[in-house]
Amino acid sequence: MSEVPLTIQDAATALRDGSLTAVTLTEAVLARVDERNDELGAYVTVCHDSARAAAAQADADLAAGIDRGPLQGIPLGIKDIIATADAPTTANSRVLADDWGAGVDAPVTARLRGAGAVLVGKTTTMEFAFGLPDPDKGFLVPRNPWDLERTPGGSSSGTGVAVAAGLALGGLGTDTGGSVRFPASMNGHTGLKVTFGRVPKSGVVPLGFTLDSVGPMARSAWDCAAMLQVMAGHDPSDRFAADVEVPDYLAALDGSVEGLRIGVPMPYFFDADGLDDEVRAGALDAVDALRAAGATIVETEVPGAREAKEANALVLVGEAFAYHRQNLVTRWEDYGRHTRMALGRGALLGAADHVQANRFRTWFRRQVAAVLADVDVLLVPGWPTPALRADDMSPERMVSSPSFTGQWNLTGLPGLTLPSGFSSEGLPLSIQLVGPAFSEDLLCRVGDAYQRATDWHLRVPPSAARPVAGSVAVGR
């Protein structure tokens with residue numbers, strides 16, 4: 001039985017050297033989805049027919065000498081708040097209108113199709129990308145493939161599960177307070193929160209108007225760079241989309257960190273109450289690995305990091321409440337119990353709260369800019385703990401726990417989360433790289449160099465290593 005490559009990079013090579021076809025790859029992924037999705041809850045909708053048609057077209061194009069780039073023939077998942085022409089968008093909710101986005105691709109979806117990607121289906125999310133799952137609403141609950149009793153993170157949980165378990169080679173998530181990077185940390189793959197405005201978000205159900213971004217999720221930094229190459233760029237349908245030149249992301253991946261200055265902010269990010277000792281140790285091991293590879297390590301501090309987490313949460317809740325306010329009044333019971341309570345907190349905020357949070361945002365951006373003037377990137381833990389038990393997750397715990405992600409949504413800066421080892425219980429650990437606006441090429445360069453020296457991102461859950469009966473194996 002032949003073996004399907006685990007990464008987009010290796011699959012793209014195999015598709016071009018003739019050792020693999022897009023149809024074979026897609027059938028293997030669809031077989032895994034059909035066998036495992038009820039257990040893992042990665043997809044809310046699977047597009048068998050259109051995926052098979054896209055795979056056949058990718059093979060035909062390659063045979064005719066038409067090469068659309070490394071995503072051609074690659075099976076991807078799309079978070080179910082992003083419009084796709086061939087599947088409904090539900091936001092995993094009973095509230096969103098049945099015809100929302102019907103028959104239309106969001107710009108980011110259209111760009112992936114244009115690059116020849118095979119869109120497997122719509123991946124599960126927390127309802128409206130917020131709160132926690134409510135099984136009573138009838139949607140599959142996503143589960144962590146490393147331990148089904150653990151959280152897979154949110155809100156882009158389905159895409160994270162799909163990548164980790166071999167139900168896709170990559171996919172789209174959205175990030176408002178950490179929703180690309182949280183699942184990457186919990187499921188042991190790579191996730192890129194892009195600069196605000198780097199990728200158009202029209203055709204995406206909003207959560208926080210001034211915080212949301214659409215980002216790639218895949219096994220490696222190389223894979224994320226390949227996806228971003230297609231996704232990035234201005235689109236006039238999104239008034240927040242930045243009209244900034246898109247660099248050659250893959251060309252930046254030279255394998256070297258020689259001469260780069262990597263800042264390690266010890267206060268808060270490495271000493272916060274609630275930071276797991278093994279997460280901290282894994283992050284410091286990554287610092288040592290990058291130092292050994294030629295980077296200069298600089299201990300630094302990010303003033304206001306703790307408060308920035310709270311300010312981001314306040315802005316997020318206020319903006320989310322503004323979007324949902326009328327439906328919360330008329331359709332309260334239609335929302336899942338966790339989502340309606342989380343959204344309802346916005347009713348407790350006043351205009352002064354929102355103004356103060358945004359005044360702090362302006363101050364904090366200046367502090368971070370000053371820090372990044374002295375270093376090239378920052379390195380912090382990706383998430384404070386390994387995956388918690390799902391029954392230990394609660395809105396109260398999320399509010400009271402430290403966070404290392406929301407700060408960068410508040411500033412609009414990019415962050416790349418990478419696996420950095422495993423806990424004593426066999427759960428993924430993670431680090432996060434943060435850089436100046438539109439420095440995704442630099443973040444991917446550092447992440448790629450780190451992943452050339454380690455194989456944490458290539459480790460797969462035991463269930464993902466098992467071949468599906470009668471199909472090509474997906475895994476290492």
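This is a short tour of a predicted model, with one selection at each stop.

**Stop 1: the whole chain, coloured by pLDDT.** The protein has a mean pLDDT of 95, and 97% of its residues reach 70 or more. Select residues 221–231 next: this is helix 7, which has the highest mean pLDDT among the elements, 99. Then select residues 473–474, which form strand 13, where the mean pLDDT is the lowest, 50.

**Stop 2: the sheet.** Show the strands as a cartoon. An open sheet is formed by 11 strands, and its pairing is mixed. Going across, the order of the strands is 2-4-3-5-7-6-11-12-10-8-9. Which are the edge strands? Select 43–46 for strand 2 and 296–300 for strand 9; each of these pairs on one side only. Looking along the sheet, you will find that neighbouring strands are turned against each other by 30° on average, direction ignored.

**Stop 3: two paired strands.** Stay with the sheet and select residues 190–193 together with residues 415–422. These are strand 6 and strand 11, paired in the antiparallel sense over 3 bridges. Within this selection, find glycine 191; opposite it, in strand 11, stands threonine 417.

**Stop 4: a tilted ring pair.** Now show the aromatic side chains. The structure holds 12 aromatic pairs. Select phenylalanine 269 and phenylalanine 404. Their ring centres are 5.5 Å apart and their planes stand at 55°, so this pair is tilted. Phenylalanine 269 belongs to the loop between strand 8 (261–265) and helix 8 (277–292), while phenylalanine 404 belongs to the loop between helix 12 (395–400) and helix 13 (406–411); the pair therefore ties together parts that are 135 residues apart in sequence. Are these two residues buried or exposed? Both phenylalanine 269 and phenylalanine 404 are buried. Add Tyr268 and Trp408 to the selection: ring pairs link them with Phe269 and Phe404 into a cluster.

**Stop 5: a stacked ring pair.** Select phenylalanine 360 and phenylalanine 364. The centres of these rings lie 5.9 Å apart and the planes are at 10°, so the pair is stacked. The cut-off for stacking is an angle under 30 degrees. Both residues are in helix 11 (residues 351–372), 4 residues apart, which is about one turn of the helix. Phenylalanine 360 and phenylalanine 364 are both buried.

**Stop 6: a charge over a ring.** Finish with arginine 94 and phenylalanine 139. Arginine 94 lies over the face of phenylalanine 139, 4.3 Å from the ring centre.

Technical notes:
Residues are numbered from 1 along each chain as its sequence is written. This is a predicted model: local features need pLDDT of at least 70, side-chain atom pairs count only at pLDDT 80 or more; totals for chains, interfaces and linings use all residues. Side-chain values use heavy atoms; hydrogens and water are left out. Two strands pair if DSSP finds at least two bridges between them. Axes are lines fitted to C-alpha atoms, for helices over the stretch in contact, and angles run from 0 to 180 degrees between N-to-C directions. Rings of Phe, Tyr and Trp (its six-membered ring) pair if their centres lie within 6.5 Å; planes under 30 degrees apart count as stacked, over 60 as edge-to-face and the rest as tilted. Buried means under 20% relative accessible area, exposed over 50%, partly exposed in between (1.4 Å probe, protein chains only). A charge sits over a ring if NZ of Lys or CZ of Arg is within 6 Å of the ring centre and within 35 degrees of the ring normal. pLDDT is the predictor's confidence in each residue, from 0 to 100.
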